[in-house]
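Please open the structure in your viewer and keep the sequence panel visible beside it. The tour below proceeds by selections, and each stop states what is to be found there.

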Amino acid sequence: LGSLSDNAAILGAIERSQAALRRRPRCGRAHRRHTCTADLAYRAPSLMPDALIDVPHRVQLPGTACALYSLGMVMDYWHAHDSANPTALVCDKDESLQRLEPHVSRFSCAPTTPRRLLDVAIALGHTHNGSCWSASHLVELAASFGYAARAVHRASAADLKAVLSSGHPPLVIF
């Protein structure tokens with residue numbers, strides 16, 4: 001498949017293309033980012049999953065790492081499929097800003113628990129400021145909310161495609 005950086009770029013392109021599909025143009029104009037999937041399919045058709053997964057979005061606050069927001073989006077995805085699955089906000093500011101700016105959708109699912117991902121990650125000793133770069137730490141954090149997760153190290157693009165094709169949204173940490 002190429003070098004590690006090539007694989008990282010391809011996996012990043014898949015993730016960006018999925019995010020672009022979830023976004024809709026606000027004013028009816030086409031946006032350049034909506035071409036990502038077509039471009040990826042043209043350049044690497046064998047890496048495209050059989051189906052794209054519609055994962056609810058969240059707006060990441062400045063100064064916090066994307067891993068916690070990504071985990072929150074995956075929790076929202078499973079909550080949307082079964083309301084018994086918990087979902088949590090990353091921090092209290094998410095809810096405060098949603099009330100201050102009701103025209104901006106900062107998260108898709110209302111939290112089902114008062115516990116916050118950042119607070120739990122700090123309590124587990126995995127972060128001091130929201131930066132979380134360890135797959136095993138994210139697995140432990142997900143488990144603390146009742147989710148079964150596993151870390152797969154050195155996964156290939158084919159491994160990622162298989163996970164996506166099975167309908168499971170993965171978290172890819174570089």
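The stops that follow lead from the whole chain to single residues.

**The whole chain**

Please note at the outset that this is a predicted model. Select the entire chain and display it as a cartoon. The chain holds seven helices and zero strands, so a reader following the elements from the N terminus meets the order α-α-α-α-α-α-α. Next, switch to a surface display. The accessible surface of the chain comes to about 10400 Å², and 55% of that surface belongs to carbon and sulfur atoms. Of the 174 residues, 37% count as buried. Contacts offer another view of the chain: among those between residues at least 6 apart in sequence, 60% join residues at least 24 apart.

**First selection: D76 and R58**

Side chains of opposite charge can pair when their charged atoms come close. How many salt bridges does the chain contain? The count comes to three. For one of them, select D76 and R58 and show their side chains; the closest N and O atoms of this salt bridge are 2.9 Å apart. D76 belongs to helix α3, residues 66-81, while R58 sits in the loop between α2 (36-43) and α3. The two residues are 18 apart, and the pair links distant parts of the chain.

Are these two residues buried or exposed? D76 counts as buried because its relative accessibility is 0%, under the 20% limit. R58 is buried as well, with a relative accessible area of 8%.

**Second selection: R116, D92 and E95**

Now select R116 together with D92. They form a salt bridge whose closest N and O atoms are 3.0 Å apart. R116 lies in the loop between α4 (92-100) and α5 (117-123), whereas D92 is in helix α4, and 24 residues separate them. R116 is buried, with a relative accessible area of 6%.

Add E95 to the selection. The side chains of E95 and R116 meet in a salt bridge, at 3.0 Å from N to O. Because E95 lies in helix α4 and R116 in the loop between α4 and α5, this pair ties together parts that are 21 residues apart in sequence. E95 is partly exposed, at a relative accessible area of 27%. With the three residues displayed together, one may see how salt bridges that share partners join D92, E95 and R116 into one network.

**Third selection: helix α6**

Move on to residues 135-144, which make up helix α6. Which residues of this helix are buried? They are L138, V139, L141 and A142. These residues cover an arc of only 165° around the axis, and therefore they lie on the same side of α6. A general property of helices is useful here: an α-helix has 3.6 residues a turn, so residues three or four places apart point the same way. To see what covers the buried residues of α6, display α3 and α5, which are included in that cover.

**Last selection: G146 and R154**

Just after α6, select G146, which takes a positive phi of about 95°. Then select R154, in the loop between α6 and α7 (157-165). R154 has a positive phi of about 60° although it is not a glycine. R154 counts as exposed because its relative accessibility is 85%, which is over the 50% limit. The tour ends at this residue.

Definitions and conventions:
Residues numbered from 1 in each chain as written. Predicted model: local features only at pLDDT ≥ 70, side-chain atom pairs only at ≥ 80, totals over all residues. Heavy atoms only, no water. Salt bridge = Lys/Arg side-chain N within 4 Å of Asp/Glu carboxyl O. Helix = DSSP H or I, 4+ residues; strand = E, 2+ residues; numbered from the N terminus. Buried < 20%, exposed > 50% of the residue type's maximum accessible area, 1.4 Å probe, protein only. Contact = heavy atoms within 4.5 Å. Areas by Shrake-Rupley, 256 points an atom, 1.4 Å probe, with all protein chains shown as cover. Arc of directions from axis to C-beta.
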